[in-house]
Amino acid sequence: MTAPMDTQVLDRPTARRPAQTRIAIADCDIHPSPKSIEKEVFPFLDKRWQHHMQTYGSLPRHGYQNGPAYPKGQPDAARRDAYPPNGGRPGSDLEFMREHHLDPLNVQLGILNPLRSGQGMQNLDFAIAYCRAINEWQVAEWTSKEPRLKASIVVPYEDGAASAREIERCAGNRDYAQVLLLSRTADPAGQRRYWPIYEAAAAAGLPVAIHAFGYGGSPVSGSGWPSYYIEEMVGHSQCSQALLTSMILEGVFERLPTLKLVLVESGFAWLPPLAWRLDKLATRMHDETPHLSMLPSEYIRRQVWLTTQPMEEPEPRKHLLDTIDWIGWDRLLFATDYPHWDFDDPQFVLPPKVGEEQRQKFFMDNARAVYADRL
Amino acid sequence: MPGSGQAGGSRVPAGGIDCDIHPAVPSIKALLPYLSDHWRDMVEQRGVHELDSVAYPNNAPLTARPDWRPASGKAGTSLEMLRTQALDGFGTSLAICNCLYGVQLFFSEDMAAGFARAVNDWMAREWLDREPRLRASIVISPQSPEAAVEEIERCAADRRFVQVLMLAMDEMPLGRRRYWPIYEAAERHGLPVGIHAGGAYKHPVTPVGWPNYYTEDYAAQALAFQQTLTSLICEGVFAKFPALRVVMIESGFTWLPAHLWRLGKYWKGLRMEIPWVDRPPVEIVREHVRFTLQPVDGPPHPEQLERLIDHMRSDELLLFSTDYPHWQFDGDAALPEGLSPDLVRKIMVDNPRATYARLTETVQ
């Protein structure tokens, strides 16, 4: 694939400073893409499903064959400078990702979150086969070649039992650091059809990451579909709030006290007010959820982490430090979202007054703690 | 299970303006005298049921405080109790009645318009005529913006109606152009548009599907308000109607700073998509949007609430409310700890008066 005219790269800035001068970081949200689905993914896909994909496409709960009904803010939602010089989609060339991202930013641990991975496809058998192929592809093309990168086990989450089988199949390979779902599931993520996923992940000691996006069939808001891409993007915070509420109230954390949940790319400043609201409601109406033995905020404190990008940007910026104090400096995992356009640069995300110890946790140690069993 | 950790509250100073109380329609029979012949016939022939919405199950704890429940029947149906508990109980000088009878849930535009009209006439006769401290919101049928505008025109002549009432979740996000005739009429009459928790239940109440628990439904109301605010701003409602004020009622407000930080960041990156939004969302909110106080949904410690209030960067955003008879707080602790005396005065009186122009009028 060649870049369309309006994505021709005129300037592709590379590292301005050697990596050694920069703090080593973990980037907990990197998006790899196949250079070519036929060349890289089809080898792991049954002929039947290769034919199916070429004939019928992927049929998500969404209307266009190609591309979203909310056109992105940039072509392919990508940074203009992230197109590999040898062609292909942003995020599809490991060598270029090293030069452009991993080396200059001194990324020592990178978590791969593939997005077009078969998740949410309406044909469940196809979703199962395609997710499996993407899992194989991540190891073959990425983690086996680059030890700084870790893969995610993408699961066909609308089929809980099949997802659990895929987790069990992959869990023995330590190249996989987590199980990955998208946030817009067909039903709220705490409901019991999804429990086999959490049980299998907890049994394998794998964190479950839930990344913004997906097409579950529900409108983006309780009032139906908004008009604009900006509303969809801002709305990922509400999706994550709703799915976290569901997981807490349904008792997922009560049943699985060792399960780790990582919420990816939906911001984090919304968490304290949500926890305050839920604590009050779950107390007032405890007779509706008598299976809960703790406050919602206590489950959150025990079992939930969040990636940082897109970092909320208050003015003055110091207000964000109150929020991080309330969440806890041990709960946030730095992420860039490379190669997407709304990338956060580690040089600028934290105000200068933040001390070394907090920086170290934010940029590296929290991620090492969450993924400790897989490193 | 330990207690909720909610900060304790303090007694409110007298003379305040309560911007959210809920007189309730005791039964559909009470509306019969106010319905047209046709709709009265329909109620009787078809056995039209009570229109209470699942947003507030009648017996759920949140729907009515135990000491505010009558011995029988629905809370909020007795004028005597409302006088004693909601008005005298807090030394309230004026209170705005938001009737939540579920006319917005009908699929028929005509039926919704017919019942909205009856609710407004019932409110004027049964409550406003009998208690001079009461004001009310005009219930409309958002199913039909044309009929809604007619109802605004009809009721606006009665100066005791001080705002137009909508619900947070309708068929479409409230910023959509379809609703603009309603905003045009509200602006023209100097009526704020009050958006109250609840919905038409025409879509799943969360953006990830239908929840299993009522607790989730109520928690999700705050998400609906966040998305409604996004919609009103991004669609350009406030650019089109510069004098319009919106009041988010029973919305919670502690989510506001975080939401504006996120919306503001994406506005910087994507403003080319919505070029009519020509200034940061936080500035638009400061000028056009207000929030009632209850539920506070506050942090466990008063000093954290002080920080949160600081994050809001304005002392003009909050309007006092008890949310009577909903169970948001105990005793007379309608004001959370952590508010300065100056802020309390603004919340109790100055901000409501600045928001609702009609409250400063003498009504005969």
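# Notebook: salt bridges and the contact between chains A and B

**Entry 1, across the two chains.** I began with charged pairs that span the two chains of this predicted model, and I counted 6 salt bridges between chain A and chain B. One that I looked up joins Glu313(A) to Lys268(B), where the side chains meet at 3.3 Å, N to O. Going on to polar contacts, I found 36 residue pairs between chain A and chain B, both residues of each pair being at pLDDT 80 or more.

I then asked which helices of chain A each supply at least two residues of the side that touches chain B. They are H7 (229-249), H9 (271-284) and H11 (318-327), and the largest share comes from H7(A), with 16 residues. Sorted by class, the side of chain A that touches chain B holds 33 nonpolar, 26 polar and 16 charged residues.

**Entry 2, the extent of the contact.** How many residues of each chain are in contact with the other? I noted 75 residues in chain A and 73 in chain B. The size of an interface is often given as the accessible area lost when the parts come together, and I wrote this down as well: chain A and chain B bury about 6400 Å² between them, with 60% of it on carbon and sulfur atoms. Of the area that chain A buries against chain B, 12% is supplied by Trp276(A), Arg277(A) and Arg284(A), which is more than any other three residues supply.

**Entry 3, a buried acid without a salt bridge.** Next I looked at Glu265(A), which sits in the loop between strand E6 (261-264) and H9 of chain A. Glu265(A) is buried and yet has no salt bridge. Why does it have none? The nearest side chain of opposite charge, Arg262(B), is 7.0 Å away, and a salt bridge needs the nitrogen and the carboxyl oxygen within 4 Å, so this pair does not count as one. Glu265(A) does have a polar contact of 2.9 Å, side chain to side chain, with His211(A). Leaving aside residues up to four places away in sequence, I found that Glu265(A) also touches other residues of chain A, including Asp29(A), His31(A), Phe213(A), His236(A), Asp337(A) and Asp342(A).

**Entry 4, a network in chain A.** Over all chains the count comes to 47 salt bridges, and I followed a few of them. Side chains of opposite charge can pair when their charged atoms come close. Arg98(A) pairs with Glu95(A), their closest N and O atoms being 2.8 Å apart. Both residues lie in helix H3 (residues 94-102) of chain A, 3 residues apart, which is about one turn of the helix. Are these two buried or partly exposed? Arg98(A) is buried, at a relative accessible area of 17%, whereas Glu95(A) is partly exposed, at 43%.

Glu146(A) and Arg148(A) also form a salt bridge, with 2.9 Å between the closest N and O atoms. Here I noted that Glu146(A) is buried, with a relative accessible area of 5%, and that Arg148(A) also counts as buried, at 17%. These two pairs belong to a network of salt bridges that links Glu95(A), Arg98(A), Asp103(A), Glu146(A) and Arg148(A).

**Entry 5, a pair in chain B.** Finally I turned to Glu126(B) and Arg130(B), whose side chains meet in a salt bridge of 3.3 Å, N to O. Glu126(B) counts as partly exposed, at 27% relative accessibility, and Arg130(B) counts as partly exposed too, at 46%.

How values were computed. Residues are numbered from 1 along each chain as its sequence is written. Chains are lettered from A and ligands numbered from 1 in the order in which they are written. This is a predicted model: local features need pLDDT of at least 70, side-chain atom pairs count only at pLDDT 80 or more; totals for chains, interfaces and linings use all residues. Side-chain values use heavy atoms; hydrogens and water are left out. Contact means heavy atoms within 4.5 Å. Buried area is the accessible area (1.4 Å probe) that two parts lose on being put together, summed over both. A polar contact is a pair of N or O atoms within 3.5 Å; within protein, one must be able to donate a hydrogen and the other to accept it, and residues adjacent in sequence count only if both atoms are side-chain atoms. Helices (H or I, at least four residues) and strands (E, at least two) are DSSP runs, numbered from the N terminus. Ala, Val, Leu, Ile, Met, Phe, Trp, Tyr, Cys and Pro count as nonpolar, Asp, Glu, Lys and Arg as charged, and the others, Gly among them, as polar. Buried means under 20% relative accessible area, exposed over 50%, partly exposed in between (1.4 Å probe, protein chains only). Lys and Arg count as positive and Asp and Glu as negative; His and the chain ends are not counted.
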